[in-house]
Amino acid sequence: MSYQEKQNIVNIISGLLVTAIYAYIVYQKQLAGELDLAGDYKQWGLLFVIFIGVSVVARVIIQIVFHIINAIATRTEDIPEDDERDKLVKLKSTRNSHYVFITGFTFSMIMLAIGWPVYSLFIIYIVTGLLSEIADNSSQIFYYRKGV
Amino acid sequence: MARNKSKRNSKSKIRNNIRRLRFEADEMTQQALADKVGVSRQTIVAIEKGNYSPSLELAFRMARAFRTPLEEVFMYEEADSENTGT
């Protein structure tokens, strides 16, 4: 398995893990009455901003740990530079990721139009963001294996 | 549908002689060729298998690495009668 494939698998797992843990913590706070996510949209904004920060820091740490483990396992410290095939794979995967995100965005607008509460919009955004990231990483794995 | 068929066909039409040329170049390894042309070994594997069609620039660099004309490394199969109508 190539470095890129392993990295994408780690990205999918870490994305799921970080989002699940964060969602669980927020849900527990909501149940305890510390948050009012059904009515206070300022809190949603705050949650999103904190999530972005937490997610970035967690990913960086996970990537560093992955690189160390990979270096020990393969006995090569070099991170392969992207060549033209890698760039094409990433470009096509980003396109697929955008398709998923746009679909989620459209879905959220439809749900809003048929009368779902406004806070459902934020939940759909989080799920869509996660799905689009999974689409990006799994597309990369697909293109690396099947050809681009 | 027709567009997809056309895309599939165009992908499979490009053939290459990289394996043979590497053999003739003192059994040059895929890594050695990759280093010469400035891509990863995985990209050379993908090109050799026909899973990736390189850019024109990379194709020329590969031809130069083997010191052969481009047509000797890559060849484009003639369009079949279905596409050309001949």
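Biologist: Which residue forms a salt bridge with B:Arg20?
Modeller: A quick word first: this is a predicted model, where local features need pLDDT of at least 70 and side-chain atom pairs count only at pLDDT 80 or more, while totals for chains, interfaces and linings use all residues. Residues are numbered from 1 along each chain as its sequence is written, chains are lettered from A and ligands numbered from 1 in the order in which they are written, and side-chain values use heavy atoms, leaving out hydrogens and water. A salt bridge here is a side-chain nitrogen of Lys or Arg within 4 Å of a carboxyl oxygen of Asp or Glu. With closest N and O atoms 2.9 Å apart, the partner of B:Arg20 is B:Glu24.

Biologist: What separates B:Arg20 and B:Glu24 along helix H2 of chain B?
Modeller: Helices (H or I, at least four residues) and strands (E, at least two) are DSSP runs numbered from the N terminus. Both residues sit in helix H2 (residues 18-24) of chain B. They are four residues apart, so the separation is about one helical turn.

Biologist: Is B:Arg22 buried or exposed?
Modeller: B:Arg22 also lies in helix H2 of chain B, and its salt bridge with B:Glu48 ties H2 to helix H4 (residues 41-49), parts that are 26 residues apart in sequence. The cut-offs are under 20% relative accessible area for buried, over 50% for exposed and partly exposed in between (1.4 Å probe, protein chains only). B:Arg20 is partly exposed at 35%. B:Arg22, at 6% relative accessibility, counts as buried.

Biologist: How many residues apart are B:Glu77 and B:Arg15?
Modeller: These two form a salt bridge, with the closest N and O atoms 2.8 Å apart. B:Glu77 is in the loop between strand S2 (74-76) and helix H7 (81-84) of chain B, and B:Arg15 is in strand S1 (residues 14-16), so the pair links distant parts of the chain. B:Glu77 is partly exposed at 34% relative accessibility, and B:Arg15 is partly exposed at 40%. Along the sequence, the pair is separated by 62 residues.

Biologist: What pattern does chain B follow, read along the sequence?
Modeller: Chain B has seven helices and two strands. Of its 86 residues, 31% count as buried. In order, the elements run α-β-α-α-α-α-α-β-α.

Biologist: Over in chain A, how far does helix H1 reach from its first C-alpha to its last?
Modeller: H1 (residues 3-32) has 30 residues. The expected span is 1.5 Å times one less than the number of residues, which gives 44 Å here. Just after H1, A:Gly33 takes a positive phi of about 85°. The helix itself comes close to the expected value, reaching 43 Å.

Biologist: Which three residues of chain B supply 52% of the area that it buries against chain A?
Modeller: Buried area is the accessible area (1.4 Å probe) that two parts lose on being put together, summed over both. Between chain B and chain A that comes to about 820 Å², with carbon and sulfur atoms giving 46%. The three residues, supplying more than any other three, are B:Gln42, B:Asn51 and B:Tyr52.

Biologist: Which element gives the most to the side of chain B that touches chain A?
Modeller: The contact (heavy atoms within 4.5 Å) takes twelve residues from chain B and nine residues from chain A. The rule finds zero salt bridges across this interface. With three residues, the element that gives the most is H4(B).
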